[in-house]
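The exercises below are meant to be worked through with the sequence and the 3D structure in view. Try each task before reading its solution.

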Amino acid sequence: TYYEADIPDGKIINAGYVRRMPQWLKFVQERADEYIPKERRPYFLFILSTAGKRLDELEEPPLSDLLAESLTVLKKFNNRIHTVFRPHSITDVEKFKLMLKELDYGNYSVDYGHPMILSVGAEFVIGNNQQACGSK
């Protein structure tokens, strides 16, 4: 046993990193073409997470402070390019929308689509928590 789990006796096939396989990339591109109209592209994709700290033991500002700072910078550009916010299941969307209102942030939408599909039409992807962002 490994970590008190039974190891299967059958053959294990290692497929590698499946998110870089041509079949998966083709699938994601096709879904993105169906889901995101060409006229909606390009945009900034912002992957949201929690507003608190990653760990209480770390001496760092809360992620909400970093988010406000990032939005202040993006606001300089968002009259020219749309921002798509993708909340995580732990994101407090009501508090986030209040922050957008306080910062007078416009030209945005909130989308719950899969991050890999949303990233296809993005000029760039940003997030203040590396665990919330996948690779493009």
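**Exercise 1.** Which residues form one aromatic cluster?

*Solution.* The model used here is a predicted one. The cluster is made up of Phe 46, Phe 85, Phe 96, Tyr 105 and Tyr 108.

**Exercise 2.** Classify the ring pair of Phe 85 and Phe 96, and place both residues in the chain.

*Solution.* Begin with the distance: the ring centres are 4.8 Å apart, and rings pair if their centres lie within 6.5 Å. Then take the angle: the planes stand at 70° and an angle over 60 degrees counts as edge-to-face, so this pair is edge-to-face. Next, locate the partners: Phe 85 belongs to strand 2 (residues 82-86) and Phe 96 to helix 3 (residues 93-102), so the pair ties together parts that are 11 residues apart in sequence. Finally, consider accessibility, where buried means under 20% relative accessible area: Phe 85, at 0%, is buried, and Phe 96, with 5%, is buried as well.

**Exercise 3.** Classify the ring pair of Phe 44 and Phe 124, and decide for each residue whether it is buried or partly exposed.

*Solution.* By the pairing rule there are seven aromatic pairs. In this one the ring centres lie 4.5 Å apart and the planes meet at 50°, so the pair is tilted. The pair links distant parts of the chain, since Phe 44 sits in strand 1 (residues 43-47) and Phe 124 in strand 4 (residues 122-126), 80 residues apart. Phe 44 has a relative accessibility of 6% and is therefore buried, whereas Phe 124, at 32%, is partly exposed.

**Exercise 4.** Describe the surroundings of Thr 91, starting from its place in the chain.

*Solution.* Thr 91 is located in the loop between strand 2 and helix 3, and with a relative accessible area of 13% it is buried. Its side chain comes to 3.0 Å from the backbone nitrogen of His 88. When residues up to four places away in sequence are set aside, Thr 91 touches Leu 48 and Ser 49.

**Exercise 5.** How many residues does the largest nonpolar core have, and which elements give two or more residues to this core?

*Solution.* The largest nonpolar core has 12 residues, among them Phe 44, Leu 48, Phe 85 and Phe 96. The elements that contribute two or more residues to this core are strand 1, helix 2 (63-74) and helix 3. A second, separate core has 11 residues, including Ile 36, Ile 47, Val 84 and Met 116.

Technical notes
Residues are numbered from 1 along each chain as its sequence is written. Side-chain values use heavy atoms; hydrogens and water are left out. Rings of Phe, Tyr and Trp (its six-membered ring) pair if their centres lie within 6.5 Å; planes under 30 degrees apart count as stacked, over 60 as edge-to-face and the rest as tilted. Helices (H or I, at least four residues) and strands (E, at least two) are DSSP runs, numbered from the N terminus. Buried means under 20% relative accessible area, exposed over 50%, partly exposed in between (1.4 Å probe, protein chains only). A polar contact is a pair of N or O atoms within 3.5 Å; within protein, one must be able to donate a hydrogen and the other to accept it, and residues adjacent in sequence count only if both atoms are side-chain atoms. Contact means heavy atoms within 4.5 Å. A nonpolar core is a set of buried Ala, Val, Leu, Ile, Met, Phe, Trp, Tyr and Cys residues joined through side-chain atoms within 4.5 Å.
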